[in-house]
Amino acid sequence: MVPSLALLPGLSVGGLPVQLRRSQRRTVSLRVTAQGLTVYAPERTEEARLRRFVEDKRAWAERHLQQLQQGQPDALPLTDGFPLPYLGQTLTLQAMPGLRGAQRVGTALHAPSEALRTAVEAWYKAEALRLFAPIVQHYAAQLNRGRPLTATRLTNAAGRWGSCTAAGVVRLHWKLLLAPPDILKYVAAHEVAHLAELNHSPRYWAEVARLLPEYRPAERWLKEHGAALMQPWR
Ligand SMILES: [Zn+2]
């Protein structure tokens with residue numbers, strides 16, 4: 001059966017009309033590309049429900065769309081020989097058939113050619129899990145006020161390098177491993193300082209400066225290169 005394509009009349013996100021694709025599927029989902037938004041829906045879902053669905057996701061979709069439009073049109077696909085940034089070093093990706101997962105061998109990262117991107121990203125996430133907690137704990141130990149650190153976790157949120165909750169959970173984006181080590185330290189200190197101050201007040205920045213006196217170059221670096229770092233490959 002050929003899925004029917006239509007528009008959701010009068011509805012636009014990021015200045016672009018919203019496309020509607022109905023097919024024999026069971027759930028409603030949304031896809032954002034640089035060309036705009038497409039809603040995938042079952043044949044009989046009411047239009048009013050689809051409009052609510054889009055409205056609920058509007059803020060996220062507009063942010064995502066903006067990133068796609070200004071982002072990295074020239075991000076390259078992960079292929080054999082791809083230079084993988086890793087904490088200021090470069091690992092050369094080597095695609096090999098039949099491997100079970102990615103594995104570092106000296107300055108190379110061997111990964112299964114059948115699932116290159118999945119394996120490479122899983123490897124980065126495992127490294128991030130291993131490396132981030134001690135760094136966050138290092139800064140948390142220097143904090144003499146605020147809430148205690150309860151956990152360090154990973155995030156995969158587009159456009160956010162880290163977060164800190166009122167419950168004391170610090171999250172860092174695994175893609176910080178693509179940046180030089182100073183950038184990772186800065187984001188760790190930045191989020192840990194939120195354990196003392198859940199805002200960006202002068203008192204908060206004083207806390208950051210106490211944890212990491214030389215934080216400003218890293219902050220600037222991230223403003224300049226952060227967007228590209230979020231989309232290092234496709
Ligand atoms: Zn902050």
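Two strands are said to pair if DSSP finds at least two bridges between them, where strands are DSSP runs of type E with at least two residues, numbered from the N terminus. The structure described here is a predicted model, in which local features need pLDDT of at least 70 and side-chain atom pairs count only at pLDDT 80 or more, while totals for chains, interfaces and linings use all residues. Residues are numbered from 1 along each chain as its sequence is written, and side-chain values use heavy atoms, with hydrogens and water left out.

Strand pairs can be set side by side as follows.

| Strand pair | Sense | Bridges | Residues standing opposite |
|---|---|---|---|
| E2 (residues 16-23) and E4 | parallel | five bridges | Arg22 and Ala41 |
| E3 (residues 29-33) and E4 | antiparallel | five bridges | Thr33 and Gly36 |
| E10 and E11 (residues 169-173) | antiparallel | three bridges | Cys164 and Val170 |

Strand E4 (residues 36-42) has seven of its seven residues buried (under 20% relative accessible area, with a 1.4 Å probe and protein chains only), so this strand is largely enclosed by the rest of the structure.

Elsewhere, an open sheet of three strands follows the order E9-E11-E10 with mixed pairing. Its edge strands, each pairing on one side only, are E9 (151-155) and E10 (162-164).

The zinc ion has as its protein donors (N, O and S atoms within 2.8 Å of the metal, or 3.2 Å for Na, K and Ca) the NE2 atoms of His190, His194 and His200, which lie 2.0 to 2.1 Å from the ion. Along the chain, the donors follow the spacing H-x3-H-x5-H. Because its relative accessibility is 7%, His194 counts as buried.

Note on methods: Helix = DSSP H or I, 4+ residues; strand = E, 2+ residues; numbered from the N terminus. Buried < 20%, exposed > 50% of the residue type's maximum accessible area, 1.4 Å probe, protein only.
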